[in-house]
Structures are given as C-alpha cells and as structure tokens.
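Here are my notes on the model, set out as numbered points. Please read them with the structure open beside you.

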Amino acid sequence: MGEMRGLGVLGFLGFLVLQLLISASASQFPTELQDAAPRLRHQPLRTGSSLPLTLHPSTAHKAGPGRWGDRLSSSGATSLMGLGTEGLRGGGGQEPELAKVLFKRKAPLKESEALYIVGDCAVMGSDEMVDAVPMTLNGGVWEVEIDKVPIGTRYKYVAAVPTDVKETVRLTANPNYKLQVHRPADSKPSTPIVLDNTVQLVRFEVGKTAGEVKIVGSLSCLGLWAAEKAPKMTCNDHNVWTLVLPIPSDELNDFKYKYMADGTYEDGNNRISDAADVEPQEEDGGWITTLRAVQAPTTIHAP
C-alpha cells in the first residue's frame with residue numbers, strides 16, 4: 001500500500017511539472033497568434049492554399065513590421081511557423097528572402113475598370129480578391145511597388161470597378177495559373193526587383209517537312225496576315241520548327257495565326273492563342289510560354 005501511495009505522489013508531481021513546461025512554452029508565442037488560435041479551426045478551406053489552416057489578413061497585420069506579420073501567408077500551417085510560402089518550397093526551415101518589387105502589366109480593361117494584383121502573402125492580400133492591391137496607370141502601363149514580398153510568392157492580376165471591387169472583380173489574361181515572384185538573373189541580392197509583365201515570351205512550335213516555315217497572324221509581330229511581313233521559324237534536325245516572340249500582355253489572349261510552309265497556308269481553321277492556359281516555364285532565355293497550337297472551333301480562313 002505504501003508503494004502505491006509513493007507512485008501516486010510521483011505521478012502527481014510529474015503532472016505539475018508537465019503543466020509548468022506547457023505554460024512556459026505558450027508564453028513564447030506572440031499574443032496575436034494565441035488570440036487567433038481558437039479561430040483557426042473554424043477557417044474555411046481556400047482554393048490554391050497548400051495547407052488548410054489560414055490566418056486572416058487582419059491578424060497578420062497586427063503583428064507589426066519585423067515580427068510575424070510580414071511573414072504570414074495563405075499557406076496555412078507554414079504561416080504559423082513564420083516561414084511564408086518560400087520556406088516550404090526551399091526546405092530546411094529557412095525564412096524566405098523579402099524584397100521590394102515593382103510590378104508592371106498591360107491589360108485589356110473595360111472603361112470603368114482598374115487593375116489590381118493579389119498574391120499568396122499578407123502584403124498582397126493573402127489570395128483574397130477583395131484585399132487585392134490596386135495598381136496605378138502610368139503611360140498605358142499599370143504599376144505598383146510593394147515592399148517585403150517573399151521570393152516565391154504566387155500572384156495574379158485581376159480587374160475590378162474601384163467603387164465596387166467585391167462585386168465586380170474578375171480575372172484577366174491568366175485565369176488558369178499564377179505567376180511567381182522571382183529574382184531576375186541580372187538582379188543583385190537585397191536590391192529592389194522589377195517584374196515587367198507587360199511582355200510575355202511565347203514559343204511557337206510545329207513539325208513540318210519544308211524548306212521554309214513562317215507564322216502569319218493577327219498581331220503586328222506576326223505580320224497582320226501579310227505573308228511578306230511574317231517572321232520565319234528555325235528548324236532543328238527533327239523537322240520541328242520553332243520561334244520565340246515577345247507578345248504584349250494585353251494581346252496574349254485569343255490572337256489567331258496559321259503556319260505557312262513554302263508559301264502555302266496549312267489546311268484547316270486558324271489556330272488560336274491558348275497562352276492564358278499555359279503557365280510560363282523558366283528557361284535560360286527567361287520565362288517562356290509554349291503554345292499548344294489549338295485550332296479555332298469555327299472555320300476562320302486567313303486572308
């Protein structure tokens with residue numbers, strides 16, 4: 001009986017020690033995160049988030065500069081660890097590099113609309129359309145400079161009527177993928193980054209046995225359907241013809257084109273741009289979109 005009492009006393013003491021350790025650990029977290037914890041289990045899942053837990057942007061901003069707030073993102077549990085989205089991508093538990101980024105974009109908008117940008121980090125709205133950052137029109141180009149953006153942040157451009165953003169917001173130019181914040185090869189660490197998205201490199205690619213292949217289309221860089229002004233493609237050893245052209249971002253969608261081999265248009269309908277559905281891939285020459293050569297559903301003949 002004495003031995004049982006002794007075990008009971010030891011167990012009680014162990015319980016007290018455990019409670020003290022838990023209390024000490026909890027005191028190390030910012031008050032904002034402790035206050036937010038009861039709300040996390042009630043947060044809904046968000047499309048595009050890599051993990052289900054999400055901190056509301058208002059909670060992130062309360063944490064203040066240089067602490068947790070600038071590193072919180074919509075990647076759920078990663079945000080709680082203060083790693084941001086890049087911390088998960090980079091591995092090793094390292095904090096992402098934060099940079100000042102100037103975003104530039106051209107977009108076909110309605111007269112009443114303005115351009116906004118939204119991303120999966122706190123300073124870019126945490127993927128909430130209603131918290132998208134407004135851009136300013138400057139000489140036909142929409143621009144905005146945002147500080148402390150984590151490298152690796154995924155983002156997209158949206159259009160909305162400024163007086164009613166919540167009800168009028170819509171995607172523009174790239175509805176099926178997000179762009180990614182990256183440091184260009186010619187940019188030195190810790191210096192501001194300029195992401196000029198006003199032009200997108202687009203690769204045209206087709207297999208043909210011919211002596212010469214051109215791309216003729218509805219854009220000025222494709223000759224505006226004038227064969228004599230159309231650009232020539234380059235052939236490899238396997239009869240695959242390719243050409244990479246810079247296309248203005250406000251002309252990426254729905255332009256039409258056809259391949260002309262040895263002076264003769266290919267058979268069938270015009271091809272139609274699917275650049276809005278193909279995510280650019282990083283290559284030595286930059287971020288390039290390779291068209292899938294989709295043909296228009298109706299018969300539209302080149303001039």
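**Notes on the fold and its cores**

1. In this predicted model, four strands make up an open sheet with mixed pairing, in the order E4-E5-E1-E9; helices (H or I, at least four residues) and strands (E, at least two) are DSSP runs numbered from the N terminus, and two strands pair if DSSP finds at least two bridges between them. Strand E4 (136–138) and strand E9 (193–196) stand at the edges with a single partner strand each, so one side of each is left without a neighbour in the sheet. From one strand to the next the twist averages 30 degrees, where axes are lines fitted to C-alpha atoms and angles run from 0 to 180 degrees between N-to-C directions.

2. Within this sheet, strand E1 (residues 98–105) pairs with strand E5 (residues 141–150) in the antiparallel sense, over seven bridges. Glu 143 in E5 is the bridge partner of Lys 104.

3. On the basis of the records, residues are numbered from 1 along each chain as its sequence is written. Local features need pLDDT of at least 70 and side-chain atom pairs count only at pLDDT 80 or more, while totals for chains, interfaces and linings use all residues, and side-chain values use heavy atoms, with hydrogens and water left out.

4. The largest nonpolar core (buried Ala, Val, Leu, Ile, Met, Phe, Trp, Tyr and Cys residues joined through side-chain atoms within 4.5 Å) has 29 residues, of which Phe 103, Ile 117 and Tyr 155 touch the most other members. Two or more residues each are given to this core by E1, strand E2 (114–119), E5, strand E6 (154–160) and E9, and the largest share, five residues, comes from E2. Leaving aside neighbours within four places in sequence, Phe 103 is in contact (heavy atoms within 4.5 Å) with residues including Ile 117, Trp 142, Tyr 155 and Leu 195. A second, separate core of 20 residues includes Val 206, Val 213, Ile 215 and Phe 255.

5. Ala 107 lies in the loop between E1 and E2 and is buried, with a relative accessible area of 16%; buried means under 20% relative accessible area, exposed over 50%, and partly exposed in between (1.4 Å probe, protein chains only). Leaving aside neighbours within four places in sequence, Ala 107 is in contact with Leu 115 and Asp 250. Ala 107 and Leu 252 are 145 residues apart in sequence, yet 9.3 Å apart in space, C-alpha to C-alpha.

6. For the protein overall, the secondary structure comes to six helices and 19 strands, and 43% of the 303 residues count as buried.
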